[in-house]
Amino acid sequence: MDNKAEFDSLVPPQHFNRRSFLVTSLGAGFALATLPVAAQTAIHTDAAGLIEGEVKVPVHDGEMVAYRAAPAGLAKPPVVLLISEIFGVHEYIRDTARRLAKLGYFVIAPELFARQGDPRKIESVAEIIEKISGRTPDALVMKDLDASVAWAAKQGADTARLAITGFCWGGRITWLYGAHNPGVKAGVAWYGRLVGTVNEFTPRHPTDLVGELKAPVLGLYGGVDTGIPIETVDAMEAALKNGSPAAKASEIVLYDNAPHAFHADYRPSYRKEEAEDGWRRMLAWFRQNGV
């Protein structure tokens with residue numbers, strides 16, 4: 001069974017039959033649940049020299065909205081899939097995409113919650129998890145990411161040089177996609193959960209997939225992250241040593257004094273030193289692995 005069929009089999013088919021996309025536009029600004037924004041640390045990246053904006057990615061049941069940022073005039077740029085936190089593709093994710101595009105990457109950030117609802121318009125984190133992120137099937141996310149890669153190839157980007165990175169919810173998805181798509185060359189997971197509840201939407205977690213990992217992943221974690229116990233990070237590090245060749249080539253960096261979301265420059269959790277170090281490590285990881 002190939003990877004695509006394997007992930008399809010993990011979620012009952014009825015979850016793929018929904019035809020309506022509740023989110024068809026990304027809007028502007030930051031998600032309501034993240035306000036007020038920490039304006040003194042929020043990074044603002046302009047779009048000079050870039051092709052950027054909303055796009056529609058053809059998927060199996062319609063069109064999924066996404067944000068694309070790419071260097072203008074650069075032929076065959078390498079591709080980075082950028083996966084959001086539970087807040088969706090709001091301004092922080094779009095700005096991060098522009099930062100990467102300025103470095104020569106074709107970046108696509110798909111709105112993977114488009115069928116479930118718009119997390120940017122919900123003020124409660126608990127409600128977002130209950131109604132949107134917690135009801136987004138992993139298998140459907142894998143299909144949407146495959147479609148995003150196919151779309152990038154049609155735009156002239158070099159999907160033979162493919163990386164993925166994501167934050168929080170997107171960090172977990174980074175591990176999963178690294179096990180799903182053999183075309184991924186490198187992944188960087190920012191504080192993504194490694195274990196969790198097993199159900200029809202999330203049947204497996206990163207610790208379950210170390211034997212199937214096909215791309216080396218760099219995991220960036222905070223030592224005082226109250227949502228990701230350090231023992232789960234230690235367990236993942238140990239599991240990687242007994243996993244696939246890509247798992248054995250993976251690494252985890254633990255920032256002892258960093259909380260969850262330490263890269264989120266628009267939130268009080270931001271830690272400049274750790275965020276900048278993680279960013280440098282991410283770029284080096286991409287280069288080291290041919291992206």
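This tour moves through a predicted model, from its sheet to the helices packed on the sheet and then to two loop residues.

**The sheet**

Begin by selecting the strands of the open sheet, which has 8 strands in the order E1-E2-E4-E3-E5-E6-E7-E8 and mixed pairing. At its edges stand strand E1 (50–59) and E8; each has a single partner strand, so one side of each is left without a neighbour in the sheet. With direction ignored, neighbouring strands of this sheet are turned by 20° against each other on average.

Next, restrict the view to E3 and strand E4 (residues 106–110), a pair that runs in the parallel sense over 3 bridges. Display Val 80 here: its bridge partner in E4 is Val 107.

Now add H4, which packs on the sheet and touches E1, strand E2 (62–71), E3, E4 and E5. The direction of H4 makes about 125° with that of E1.

**Helix H8**

Select residues 272–288, which form helix H8. This helix has 17 residues and reaches 24 Å from its first C-alpha to its last, close to the 24 Å expected at 1.5 Å a residue. H8 lies across E3, E5, E6, E7 and E8, and runs at about 170° to E6.

Show the side chains of the buried residues of H8, namely Glu 274, Ala 275, Asp 277, Gly 278, Trp 279, Met 282, Leu 283, Trp 285 and Phe 286. What covers these buried residues includes strand E3 (78–83), helix H2 (91–101), strand E5 (158–167), strand E6 (184–190), strand E7 (217–222) and strand E8 (251–255). Just after H8, select Gly 290, where the backbone takes a positive phi of about 85°.

**Phe 286 and the nonpolar core**

Centre the view on Phe 286. Residues up to four places away in sequence aside, Phe 286 touches Val 80, Tyr 105, Ala 163, Ile 164, Thr 165, Ala 186, Val 188 and Val 291. Val 80 is the residue met earlier as the bridge partner of Val 107.

Widen the selection to the largest nonpolar core, which has 91 residues; Val 57, Leu 81, Leu 145, Trp 175, Tyr 191 and Phe 286 touch the most other members. Helix H4 (residues 138–154) gives the most to this core, with 7 residues.

**Helix H6**

Move to helix H6 (residues 230–240) and pick out its buried residues: Thr 232, Val 233, Met 236 and Leu 240. These cover an arc of only 100° around the axis, which puts them on the same side of H6. An α-helix has 3.6 residues a turn, so residues three or four places apart point the same way. Add the packing partners of these buried residues: helix H5 (169–180), E7, helix H7 (245–248) and E8.

**Two loop residues**

From Leu 240, step to Ser 250, in the loop between H7 and E8. The two residues are 10 apart in sequence and 7.0 Å apart in space, C-alpha to C-alpha. Is Ser 250 buried or exposed? At 10% relative accessibility, Ser 250 counts as buried, because the cut-off is under 20%. Beyond its neighbours within four places in sequence, Ser 250 is in contact with Leu 213, Ala 215, Pro 216, Val 217, Leu 240 and Trp 285. Trp 285 belongs to the buried residues of H8.

Finally, select Thr 45, in the loop between helix H1 (3–8) and E1. Thr 45 also counts as buried, at 17% relative accessibility. Its contacts, leaving aside neighbours within four places in sequence, are Asp 95, Arg 98, Arg 99 and Lys 102.

How values were computed:
Residues are numbered from 1 along each chain as its sequence is written. This is a predicted model: local features need pLDDT of at least 70, side-chain atom pairs count only at pLDDT 80 or more; totals for chains, interfaces and linings use all residues. Side-chain values use heavy atoms; hydrogens and water are left out. Helices (H or I, at least four residues) and strands (E, at least two) are DSSP runs, numbered from the N terminus. The expected span of a helix is 1.5 Å times one less than its number of residues. Buried means under 20% relative accessible area, exposed over 50%, partly exposed in between (1.4 Å probe, protein chains only). Contact means heavy atoms within 4.5 Å. A nonpolar core is a set of buried Ala, Val, Leu, Ile, Met, Phe, Trp, Tyr and Cys residues joined through side-chain atoms within 4.5 Å. The arc is that of the directions from the helix axis to the C-beta atoms. Two strands pair if DSSP finds at least two bridges between them. Axes are lines fitted to C-alpha atoms, for helices over the stretch in contact, and angles run from 0 to 180 degrees between N-to-C directions.
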